[in-house]
Structure formats: structure tokens, C-alpha cells
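Thanks for coming. I have one structure to go through today, and I will keep it short. Please have a look at it before I start.

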Amino acid sequence: HRPKDFVYNDIRYIHNPLGKPAERDMNMVSNDVDFQKVWDCTKSSNSETSTSGADDISYAGGKGEVPGMRVVRFWEEQGGGKEALERNMKLRRSKRRSVKTKK
């Protein structure tokens, strides 16, 4: 579960994982879990026509690619960095241990 959005050799690679709750707690993935729109098929002009009969959808391209924020290492770029990740992992481990010892 590693969020990605980057271009390599003219190909856009996107991975928008929801992540486990623990991964969201540790800022390994975004806390703002939602779908990511990457392509817009709504008509960009009145000259495009739809083969389905819907007036607002274009199967000839529409508005096209929806730009996204470049993400290669979410936890490093937006999650507080390596030190924050290590701190969050230790905190999570200690919480899990304390729950196990209470049982």
C-alpha cells in the first residue's frame, strides 16, 4: 500500500491505495481516503458527440487527463519523513504489546 503518482518515460503511473487503518495512523497513506479522478470524460466542447445518447459524456476523449500531485514516497514527502515513520511504527508496536499483555 504505497501511494504513487508520477511520470516515467512518458507514462503516468498511479496507485491510490486506501491503506489499512494502521497505515493511515502512521501517515504511510493519506488520511483523506477517497477515490482519485484521473480521467474526465465530460465534453470539453459542444462539437463532440456521444455514441450513447448522453449529452454530457464524450467517448472521443472529453476533457482528458486530470492532473495530480506528484507522489513517489508518500510517507517521506507528506507523512513526516523517515524519522516520523519510525516513531509512528514504534508507537504502534508498543500499543499492540500493551493490548496483548492485558489479555
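I will go from the overall fold to the pocket, then to two residues and a surface patch.

Keep in mind throughout that this is a predicted model.

The fold, then. The protein chain has three helices and four strands. Read from the N terminus, the order of elements is β-β-α-β-β-α-α. The chain has 103 residues, and 20% of them count as buried.

Next, the pocket. The largest pocket has a volume of about 340 Å³. What lines the largest pocket? There are 18 lining residues, and those nearest the centre are Pro3, Asn16, Ser30, Gln36 and Phe74. Sorted by class, the lining comes to nine nonpolar, five polar and four charged residues.

Now Met28. Met28 sits in the loop that runs between helix H1 (21–25) and strand E3 (39–40). Is Met28 buried or partly exposed? Its relative accessible area is 22%, and buried means under 20%, so Met28 counts as partly exposed. Met28 and Gln78 are 50 residues apart in sequence, while their C-alpha atoms are 8.7 Å apart in space.

Last, Ile11 and the surface. Ile11 belongs to strand E2, residues 11–15. With a relative accessible area of 43%, Ile11 is partly exposed. Which residues join Ile11 in a nonpolar surface patch? They are Tyr8 and Tyr13, and the patch made by these residues with Ile11 is about 310 Å². A residue needs over 30% relative accessible area to be part of a patch, and Ile11, at 43%, therefore meets that cut-off.

That is what I have.

Technical notes. Residues numbered from 1 in each chain as written. Predicted model: local features only at pLDDT ≥ 70, side-chain atom pairs only at ≥ 80, totals over all residues. Heavy atoms only, no water. Patch = residues over 30% accessible without salt bridge, like charges linked within 9 Å, V, L, I, M, F, W, Y side chains within 5 Å. Areas by Shrake-Rupley, 256 points an atom, 1.4 Å probe, with all protein chains shown as cover. Salt bridge = Lys/Arg side-chain N within 4 Å of Asp/Glu carboxyl O. Helix = DSSP H or I, 4+ residues; strand = E, 2+ residues; numbered from the N terminus. Buried < 20%, exposed > 50% of the residue type's maximum accessible area, 1.4 Å probe, protein only. 1 Å grid on protein atoms, 1.4 Å probe; cavity = no way out; pocket = protein on both sides within 12 Å on 5 of 7 lines; lining within 4 Å. Points joined across faces, edges and corners; volume = space filled by probe spheres on them. Nonpolar A, V, L, I, M, F, W, Y, C, P; charged D, E, K, R; others polar.
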